[in-house]
Number of protein chains: 2
Amino acid sequence: MVTMSDVAREAGVSVMTVSNVLNERLPVGAPTRARVLAAVEALGYEVNLTARHLRAGRTDTVALIVPSFHDYFGEVADQIAPLVEAHGRHLVLERTSANAQHEMEAVSVARLQLYDGVLLSVAGLDPEQLSRVRTSKPIVLLGERDVPDHFDHVRLANEEGARLATAHMIERGSRRILALGCTLDQTHMMTSDRRVGWEVAHRDAGLPVDERYVVPIATYSSEAARSTLLDVIASGLPFDGIFAATDVIALGAVAALASRGLHVPDDVQLAGFDNLEVSSFVPPGITSVDPNHRGVAQHAVGLLHRRMAGGAGPAEHVVAPVSLVVRGSTRGGR
Amino acid sequence: MVTMSDVAREAGVSVMTVSNVLNERLPVGAPTRARVLAAVEALGYEVNLTARHLRAGRTDTVALIVPSFHDYFGEVADQIAPLVEAHGRHLVLERTSANAQHEMEAVSVARLQLYDGVLLSVAGLDPEQLSRVRTSKPIVLLGERDVPDHFDHVRLANEEGARLATAHMIERGSRRILALGCTLDQTHMMTSDRRVGWEVAHRDAGLPVDERYVVPIATYSSEAARSTLLDVIASGLPFDGIFAATDVIALGAVAALASRGLHVPDDVQLAGFDNLEVSSFVPPGITSVDPNHRGVAQHAVGLLHRRMAGGAGPAEHVVAPVSLVVRGSTRGGR
DNA sequence: ACGGCGTATTTTAACGATATTGTCTGCGAA
DNA sequence: TTCGCAGACAATATCGTTAAAATACGCCGT
């Protein structure tokens, strides 16, 4: 590897002069500067960022740690990247495979020290595990789980989104709406918060809440959703609407309904959550709760930036508002 | 920050003893070890990886540099991650926004020095620009563009995949097949290689090749595909099949066809390329060329690993085989 | 001619970890 | 008693860079 001292020797100057030429900290005489630049060019020198990071105590890099690079997270990441770069920092992604052990490793203080700040999308860690993470590094948590109070946290208005979607289908005539991929858990989780919204919509409309219509699925994949919904259909439980906890689940539902000859929205209305790009293209267009990626990204990066700039003060817990995008999978959609 | 020397002071030993306890290089007496571990625990010490990286000259980290975190790249990344981790290294992703300037920055030798190896998904850089990248760091290129000979490179059998898909639709009765999202370029690019496969299938079947059926699109988005296809329909050009250059494009085509009341596959057969997960769930299931992510990932990581282990020898240029997955969007699919 | 000042450049000392070499202690063998 | 040697630990040098302090050099005014 070519180092500064190689360049210095080649140019017949000290390493500090090389550093000063390259970083323009102290002024360097024109002839000397020219010799240094020539040597840099000749040897193909590039600064060693590891050394600079050690010396500077900063890396000008932010990590976004996500469970997988798929779908929702990919879309959020694409929103976050330019915001981080606007602050003159780099963004890198790390993956945890939604596995609590991997997440703990990712947030091990050792790993964190490589970054000036971390956006951690929490999927596998519960509050108890998270509270064991002690570090002075700025961290902002993203995700739908409960987290310890002392972390900055951005989450979605899950309940409200689910309520919007369900109320919309009720208004358009559905009376038996599955909550596909939701759960009856009492703790705050994505799947239970969204189920609560589904319940609230029923109560608001004076409709009974039937727990048989809450249908959990094994994994959050389209395939699991498809086979689970096929089971529901086979069981004979009557339904005329589906609130899918995520668009990935909605997609599996679309496939299952089509394979059983059920028409959307005439036989069954369908609404999802996440407003993935594909959702507007899958005929007849899937009505979906838009999670407001841009807003989430802005809040998260904003909070992180404030902490990195040394901002103190109590942790903030942001609930980002969501909105319903109506498409052809519910009646009245275009 | 808590450093080794803080721990050393707390435990009343030298820093080397702390290092030896933590890394188990030289043996340390049991009582001393216990004191050190207690001090580590008490102070919450974690190793500073930046310092270790500088000293070791390695980072045990591989970067995957992609144009965006969407769709295809997200899926490839999820395949690559476990393979890299199996070699005891970390994987991080960086994003270039398919922008040549960003790509050049990403491969600036400075940035590379943070990693032991780099997988670079080339979207914006042409061979001439790439050949200016001089570094001794192991780099493996991914992607469908031509690259300088001295780089290891993994690409797909684009032409063969397109030929398979097109021949399949011809066999099932299509006679006027659009090449949507393809181009007439003569240089090797994804869009032109796939167009060549479309041509070859026609010639193999003794059918004429009509260049009016090659329909480029402005951006590789579903939305652009949809509006472009709507224009084609409006133009009155008759067609009974579509080979879409990517599944993202196929998805836009599905939406356009549905909105014009054209039935897939009865009125128009449709086949895509990439076999995205969604493609098997969008009714009636999109026939697609499977790009063999797993194989690509294995080749790429294998090549990189060999180079990182010091393997010399000429650069390899791998063309990963692809296969056709037949679904309901072509006749005879399930 | 000389003190003083400003600019150009070098020297020194870190950043935090670790490979290498060096010191000390105690014990067994001659 | 003396030497050698092994085990346990410490001191030093180093990775490549940069902040801060030190030096060298010319030039000015008096």
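How many disulfides does the structure hold over all chains? The count is zero. A disulfide is a covalent bond between the sulfur atoms of two cysteines. The model is predicted. A:Cys182 has 0% relative accessibility and so counts as buried, the cut-off being under 20%. B:Cys182 is likewise buried, at 0% relative accessibility.

The relation between the two protein chains was examined next. A turn of 180° and a shift of 0.0 Å along the axis lay chain B on chain A, with an RMSD of 0.1 Å. The two copies are therefore related as by a two-fold rotation axis. Which residue of chain B comes closest to the rotation axis? That residue is B:Leu93, with its C-alpha at 2.4 Å.

Chain A is assigned three domains: domain 1 (4-47), domain 2 (59-157 + 293-322) and domain 3 (158-290). Domain 2 is thus written in two segments, 59-157 and 293-322. Between domain 1 and domain 3 of chain A, the C-alpha centres lie 64 Å apart.

The surface around DNA strand C was then considered. There are 23 residues around this strand. Those that come nearest are A:Thr17, A:Thr32, B:Met4, B:Arg25 and B:Tyr45. Of the atoms of DNA strand C within 4 Å of the protein, 61% belong to sugar and phosphate. Two side chains illustrate contacts to phosphate. In A:Thr32, a side-chain N or O atom is 2.4 Å from a phosphate oxygen of DNA strand C. In B:Arg52, a polar side-chain atom lies 2.8 Å from a phosphate oxygen of the strand. A base is also contacted: a base nitrogen of DNA strand C lies 3.4 Å from a backbone N or O atom of B:Ala51. Four elements give two or more residues to this surface, namely α2 (15-23) and α4 (49-56) of chain A and α2 (15-23) and α4 (49-56) of chain B. By residue class, the surface near DNA strand C has eleven nonpolar, eight polar and four charged residues.

DNA strand D has 24 residues around it. A:Arg25, A:Tyr45, A:Arg55, B:Gly29 and B:Thr32 come nearest. Sugar or phosphate supplies 64% of the atoms of DNA strand D within 4 Å of the protein, and bases supply the rest. Which part of DNA strand D does the side chain of A:Arg55 approach? An N or O atom of that side chain is 2.5 Å from a base oxygen. Backbone atoms approach phosphate at two further residues. A polar backbone atom of A:Met4 is 2.6 Å from a phosphate oxygen of DNA strand D. For B:Gly29, a backbone N or O atom lies 2.5 Å from a phosphate oxygen of this strand. At least two residues of the surface near DNA strand D come from each of α2 and α4 of chain A and α2 and α4 of chain B. This surface divides into eleven nonpolar, nine polar and four charged residues.

Several sites away from the description of the DNA strands deserve mention. A:Glu94 sits in strand β2 (residues 90-95) of chain A. Its relative accessible area is 4%, so A:Glu94 is buried. The side chain of A:Glu94 makes a polar contact with the side chain of A:Tyr115, at 2.5 Å. A:Ala297 belongs to helix α13 (residues 293-308) of chain A. With a relative accessible area of 0%, A:Ala297 is buried. A:Ala297 and A:Gln79 are 218 residues apart along the chain, yet their C-alpha atoms are separated by 6.2 Å.

Backbone geometry was inspected last. Most residues other than glycine have a negative phi, and most peptide bonds are trans. The peptide bond from A:Val264 to A:Pro265 is cis, with omega near 5°. A:Pro265 lies in the loop between α12 (247-259) and β9 (269-273) of chain A. A second cis bond joins A:Pro283 and A:Pro284, with omega about 0°. A:Pro284 is placed in the loop between β9 and β10 (287-290) of chain A.

That loop of chain A also holds A:Asn275. What is the sign of phi at A:Asn275? Phi is positive, near 45°, in a residue other than glycine. A:Asn275 counts as buried because its relative accessibility is 13%. In chain B, B:Asn275 has a positive phi of about 45° although it is not a glycine. B:Asn275 lies in the loop between β9 (269-273) and β10 (287-290) of chain B. At 13% relative accessibility, B:Asn275 is also buried.

Key: Residues are numbered from 1 along each chain as its sequence is written. Chains are lettered from A and ligands numbered from 1 in the order in which they are written. This is a predicted model: local features need pLDDT of at least 70, side-chain atom pairs count only at pLDDT 80 or more; totals for chains, interfaces and linings use all residues. Side-chain values use heavy atoms; hydrogens and water are left out. A residue is near a molecule or strand if one of its heavy atoms lies within 4 Å of it. A polar contact is a pair of N or O atoms within 3.5 Å; within protein, one must be able to donate a hydrogen and the other to accept it, and residues adjacent in sequence count only if both atoms are side-chain atoms. Ala, Val, Leu, Ile, Met, Phe, Trp, Tyr, Cys and Pro count as nonpolar, Asp, Glu, Lys and Arg as charged, and the others, Gly among them, as polar. A disulfide is a pair of cysteine sulfur atoms within 2.5 Å. Buried means under 20% relative accessible area, exposed over 50%, partly exposed in between (1.4 Å probe, protein chains only). Domain bounds come from an automatic or database domain assignment. Copies are superposed by least squares on the C-alpha atoms of residues with pLDDT of at least 70 in both.
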